[in-house]
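Biologist: I've got a fold open on my screen and a few labels I'd like you to justify. Can we take them one at a time?

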Amino acid sequence: DFIKNEWVEDGIFSDVINKSAIFLMIPIYTSVFTVEEYGILETILISIGAATLIIGFSSKITFLRLIYDYKGNEIKRHLFDTMMIITFITSLLFILVLVFEASFVNIFGNNYRTFAFLILSYVFFLCLNELSLVILRYDKKVFQYLLYTFIKTIFEISLIIYFVVTLNQGLLGRLEGSLISMMIVFIIFLKFFVWRNVIPSFNFVFIMKYFKYSFPIVLTQIVGWILISYDKLLLNQSFSIKELGIFALGTQVLMIYKYIAEASFKAFNVEIFENPKIIENNLYNIILVVCSASAILALLITFMSNDIVMLIANISYIEASKVVKYMVFAKFISVYVAFLILVLYLYKDSSSIAKVVFKCMLIMIVVSTILVPLLQFIGAGISAIIVNGIMAYLLTAEVKKYVEVQFDYKMIVVVLILVIGILLSFISPTYLYNFVFLIGATILFFYINKEFILRIILRKA
């Protein structure tokens, strides 16, 4: 029952497959693209990320949260309203591309329009498809959610491989394959699912409520995008596109870490939205379990960083393993931050999140601008730790306004063990020491969480 309800019914299993598929594409990219081309690919992915934030306008989070206030046909009408919001924003961006084309061509080159249109079109269909999956998560339709997610993932991987490898279309083929796959999936969704779950309407009250709730979230996400992308832009400006490619591969290895955490939280947010007392009664215990599991995964990725890089790439990318070690502790903190944000979403306090993240963006701009050009990858790691640490402190203070939580020595132990393990990865001459340390850390983390794990999770209280 635990596996069925938590992993399958709420979508964590399919989300892990979906996100892992992105990771599995890296060996194909690194075998086809040079390090420099991989750096250019990273700039394309950064652009896709920005477009997704603007076009999607927090549709997945906002719609999932707001539909709990409605029933029956109202949900179908508001699904249509949300789809129209996505369509309207996309149309505005297409117009801006055409109006300011001359200015952008001077910056990005003659292929600007082609890449811009492909990116916007891909993101448009991607957002509509993801919105459809929200309804399946809300209805907890296990088989359909798994099936549609699997179809979406397989189509995109297959067509990217076809255009990039078979047709040898390079970076342009990466976008063409993604766009066509999303269009095919949209047609499938439209025929078998969307058509019977929407009712054409225009509810101005809902649209205003949507934007009121989503705007702080979108602002937070945009600032988060800046937090993630700014170091990469600095590396590209201060060093070369090759360094950007190395840094991009290292951070991409760590993304699987982030994806697993996000998928877990995505499964969990449905449960806490329905039963907020889960958080009210068990917040610290849940935080400790989340951080302990995150620390174990961080240690595993750190100890295996060289092997992971060689598995998915080649010797030209080996420096990416150092990026993993420099950045992994900041990623660990970001998982804790992501959980605090989930808690604040529960209390509809998106404005506090926006304020905290905006402050941290300003700090990041100052710190990264100083450290990255000076220390390169190490500077990026130090900057990320400082910014994420401050964000964690400020968001913890915001959460305490709603839920009482007291930290104890156990959290200090988790953090200390992780730091020691990361330092050990730089000096350990053999796998034996790393393996023994990882086993010991796992046993210790289970011991400090055993009461909650056995009493609460296994009994599904």
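Modeller: Sure, and keep in mind that this is a predicted model. Where shall we begin?

Biologist: With a cysteine. Why is Cys127 called buried?

Modeller: Buried means under 20% relative accessible area. Cys127 has 6% relative accessibility, so it counts as buried. Cys360 gets that label too, because its value is 1%.

Biologist: And how many disulfides turn up in the whole structure?

Modeller: Zero, from a search of the whole structure. The test asks for a pair of cysteine sulfur atoms within 2.5 Å.

Biologist: Next, helix H8, residues 112-139. How do you know that its length agrees with the expected span?

Modeller: At 1.5 Å a residue, its 28 residues should span 40 Å. The end C-alpha atoms of H8 are 41 Å apart, so the two agree.

Biologist: What makes you say H8 is largely enclosed by the rest of the structure?

Modeller: The count of buried residues: 22 of the 28 in H8 are buried, so the helix is largely enclosed. Right after H8 comes Lys140, with a positive phi near 55°.

Biologist: Which residues in the loop between H4 and H5 have a positive phi without being glycine?

Modeller: Phe57 is one of them, with phi about 45°. That residue lies in the loop between helix H4 (35-56) and helix H5 (59-66). Ser58 is found in the H4-H5 loop as well, and its phi is near 60°.

Biologist: Are those two buried or exposed?

Modeller: Buried. Phe57 has a relative accessible area of 13% and Ser58 has 6%, and the cut-off for buried is under 20%.

Biologist: Now the outside. Why does Val99 count as exposed?

Modeller: Exposed takes over 50%; Val99 has 58% relative accessibility, so it qualifies. Val99 is found in helix H6, residues 73-99.

Biologist: What makes up the nonpolar surface patch that includes Val99?

Modeller: Phe88, Leu92, Ile95, Leu96, Val99 and Phe100, covering about 590 Å². As for the spacing along a helix, an α-helix has 3.6 residues a turn, so residues three or four places apart point the same way.

Biologist: Last one: which residues touch the most other members of the largest nonpolar core?

Modeller: That core has 147 residues, and the ones touching the most other members are Phe63, Leu249, Ile279, Leu283, Phe332, Phe339 and Met391. Helix H15, residues 320-346, gives the largest share of this core, 20 residues.

Key
Residues numbered from 1 in each chain as written. Predicted model: local features only at pLDDT ≥ 70, side-chain atom pairs only at ≥ 80, totals over all residues. Heavy atoms only, no water. Patch = residues over 30% accessible without salt bridge, like charges linked within 9 Å, V, L, I, M, F, W, Y side chains within 5 Å. Areas by Shrake-Rupley, 256 points an atom, 1.4 Å probe, with all protein chains shown as cover. Salt bridge = Lys/Arg side-chain N within 4 Å of Asp/Glu carboxyl O. Helix = DSSP H or I, 4+ residues; strand = E, 2+ residues; numbered from the N terminus. Buried < 20%, exposed > 50% of the residue type's maximum accessible area, 1.4 Å probe, protein only. Core = buried A, V, L, I, M, F, W, Y, C linked by side-chain atoms within 4.5 Å. Expected span 1.5 Å × (residues − 1).
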